[in-house]
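This report introduces a protein structure to a reader who has not met it before. It treats burial, helix packing, nonpolar cores and cysteines in turn.

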Amino acid sequence: MPGSTVLVTGGAGYVGSHSVVQLLNQGFTVVVVDNLVNASQECLKRVEEITGKKVTSAVADLCKKDDLEKIFKQYKIDCVIHFAALKAVGESVSIPLAYYKNNVGGTVTLLEVMKDHNVKKLVYSSSATVYGTPQKLPMTEDQPTGVGCTNPYGRTKYFVEEILKDLVKSDPEWSVISLRYFNPVGAHESGKIGEDPKGIPNNIMPYIAQVAVGRRPDLKIFGNDYNTPDGTGVRDYVHIQDLAEGHIAAAKKILSPEFSGWKVYNLGTGQGLSVLQLVKAFEDASGRKVPYEVVGRRAGDIDASYADVSLAEKELHWKATKDVNDMCRDTWRWQSMNPNGYQKSD
């Protein structure tokens, strides 16, 4: 509840920072931990500008227990929202050990420290990739997970969910909500914070934005022979502001005395958009042409993925309110105001 202290791991990253803004605006006390591998201190400064509130933060590595111990000794934490993870599907195929060590190992260390300090409320940042190749569309929370996960990134999310389920079974004092989200895009409407991947973007929206702003010559579309209306992959894109609101709804639920146990919710719009539809919407929003080249399929990709989000609407009272035009407009505002992301120059 507002007034509670929430530890946000990965809080300087893309989804984390937008959620920190919402938490601060709604009266929560926030402590951010981030190892800054794919994030920036500048982002947290801008969170302070947006909210007018000081952000308490520490540079810490979840794989190092001593780092976490210091934080849990220093602050009285009521709940943890756990974003910190490596998250690029393609990269996970090429360096799987780094993904298992960071995403699974780091989470286990975090859970150990939480247990030692009797903090047993966790909102987990999971992913629709745990479903693997969809058995049916739209995807519901009761579909099997782990079967046919197409890449190590997805398997790390699946393994952590299994660890969390075992933990809740072993100790009924634990309360865990896992949020399986689809494809986060967009930026804060102020244009001050947004997605700023280091190196070549692994996600499509920042790649499109960087082409539109002139940082990259063209967009690479990975395959146009998928079983979809226009041959390009179909995904459920959800605005980052909506996604952040989903985390606040989950945190409020988990902090309420009547909630305990394990619960999973999909966060998405429930609508699928193809890559080419997204490109067209971005061109309309930005007034810029986005040249593209179709190249070979990417390892681990699937035809289509979109969510059934009725459970989150019913139990979290959460529903995405922003559409693809909002997503593209806000991404363009962020990218055009910050052509080099949080860096002053490349």
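A residue is called buried here when its relative accessible area is under 20%, and exposed when that area is over 50%. The model under discussion is predicted.

By the first of these cut-offs, helix 7 (residues 204-212) is mostly covered, since 8 of its 9 residues are buried. The buried residues are M205, P206, Y207, I208, A209, Q210, V211 and A212. Their cover includes two strands, strand 7 (183-185) and strand 8 (219-222), together with helix 9 and helix 11. After helix 7 comes G214, which has a positive phi near 95°.

Two of the elements that cover helix 7, namely helix 9 and helix 11, also pack against each other. Helix 9 spans residues 275-286 and helix 11 spans residues 324-337; their axes come within 9 Å and cross at roughly 55°. Helix 9 is therefore oblique to helix 11. The crossing of helix 9 past helix 11 is right-handed. On the side of helix 9, the residues that meet helix 11 are L278, A281, F282, A285 and S286, and their counterparts in helix 11 are V324, C328, R329, T331 and W332.

The next topic is the nonpolar interior. In soluble globular proteins, nonpolar side chains tend to be buried together. In this model the largest nonpolar core has 44 residues, and the members that touch the most others are L23 and L179. Two or more residues of this core come from each of strand 1 (5-9), helix 1 (14-25), strand 2 (29-34), helix 2 (41-51), strand 4 (79-82), strand 6 (175-181), helix 8 (240-255) and strand 11 (261-267). Helix 8 contributes the most, with 8 residues. Leaving aside residues up to four places away in sequence, L23 touches V6, V8, F28, V30, I81 and I248. Another core lies apart from the largest one; this second core has 24 residues, including L62, L68, L167 and V168.

Cysteines are considered last. How many disulfides does the model contain? With a disulfide taken as a pair of cysteine sulfur atoms within 2.5 Å, the count is 0. Two cysteines are set out below by their surroundings.

| Cysteine | Relative accessible area | Class |
|---|---|---|
| C63 | 30% | partly exposed |
| C149 | 8% | buried |

C149 is classed as buried because its relative accessible area is 8%, which falls under the 20% limit. C63, with a relative accessible area of 30%, is partly exposed.

Notes. Residues numbered from 1 in each chain as written. Predicted model: local features only at pLDDT ≥ 70, side-chain atom pairs only at ≥ 80, totals over all residues. Heavy atoms only, no water. Buried < 20%, exposed > 50% of the residue type's maximum accessible area, 1.4 Å probe, protein only. Core = buried A, V, L, I, M, F, W, Y, C linked by side-chain atoms within 4.5 Å. Helix = DSSP H or I, 4+ residues; strand = E, 2+ residues; numbered from the N terminus. Contact = heavy atoms within 4.5 Å. Axes fitted to C-alpha atoms, helices over the stretch in contact; angles between N-to-C directions. Parallel < 35°, antiparallel > 145°, perpendicular 65-115°, else oblique. Left-handed = near helix turned anticlockwise from the far one by under 90°.
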